[in-house]
Amino acid sequence: MPHSQTSAPRDSLAGVRIARGASPWLLPTVATAALSLARARRSKRAAAIAVPTTALAAGMLWFFRDPEREIAQGRVISPADGVVQSIMPWKDGRTRVAIFMSPLNVHVNRAPLAGTVTSVEHIPGGFVPAFNKESENNERVVWHFDTELGDIEMVQIAGAVARRIVPYIPQGTKVEQGERIGLIRFGSRVDIYLPEGVEVAVEVGQATTAGVTRIDRD
């Protein structure tokens, strides 16, 4: 049966569930908005500032939301919310499924399969838009999972705005399918490489939901 996935404690603000690693961006924005609102009745200048700061704080809260999910059944599930940007056969027989995440998507990524994290490697690079072909050389974190299908590679790629990838768990950690494993701040991309012989169930342009959308086909 599908199961509800919970994780280690995350950041929180006013009862809103937000992603771990969001505080450095979110708390100053919300504090500025709250201060501007408090002074708005006494100062026209504060009132004028309150409008954009409150809108920015609301946008940050929306961006860093981290909803609970009913994890779907299936061998491989989507690690990211977004849209399938490309499906590409790889030279070694694997198939790469690239998922583009816009700033409107949830940016917490989840484990595509249950298994053990065998490596988490940060690779420095550029910050061109994640939908650009040259994003292949962007800042990234490369994950490898030892699973029932063998080694599964997943790559979190920073975009033009996403200047920080925040892994939640280290090498050697055992994870459940759909467990939260990291955050990419702002627009970005996540690639997953399916082993040779595993058929892709999604299509280019299809929307995906982390922990919910099945990536492979029986």
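**Leu149 and the open sheet**

I would like to begin with Leu149, which lies in the loop that connects β9 (140-147) to β10 (150-158); helices (H or I, at least four residues) and strands (E, at least two) are DSSP runs here, numbered from the N terminus. Please bear in mind that this is a predicted model, in which local features need pLDDT of at least 70 and side-chain atom pairs count only at pLDDT 80 or more, while totals for chains, interfaces and linings use all residues. Residues are numbered from 1 along each chain as its sequence is written, and side-chain values use heavy atoms, with hydrogens and water left out.

Leu149 has a relative accessible area of 25% and is therefore partly exposed, a class that sits between buried (under 20%) and exposed (over 50%), with a 1.4 Å probe and protein chains only. Apart from its neighbours within four places in sequence, Leu149 is in contact with Arg75, Val76, Leu113, Pro195 and Val198, where contact means heavy atoms within 4.5 Å.

Turning to the sheet, eight strands form an open, antiparallel arrangement in the order β12-β8-β9-β10-β14-β6-β5-β16, and two strands count as paired if DSSP finds at least two bridges between them. The edges are taken by β12 (174-175) and β16, and because each has a single partner strand, one side of each has no neighbour in the sheet.

At the β16 end, β5 (residues 82-89) pairs with β16 (residues 207-208) in the antiparallel sense over two bridges: Gly82 has Thr208 as its bridge partner, and Val83 stands opposite Ala207. β5 is also joined to β6 (residues 95-101), running antiparallel, by six bridges, with Ser86 partnered by Ala98 in β6.
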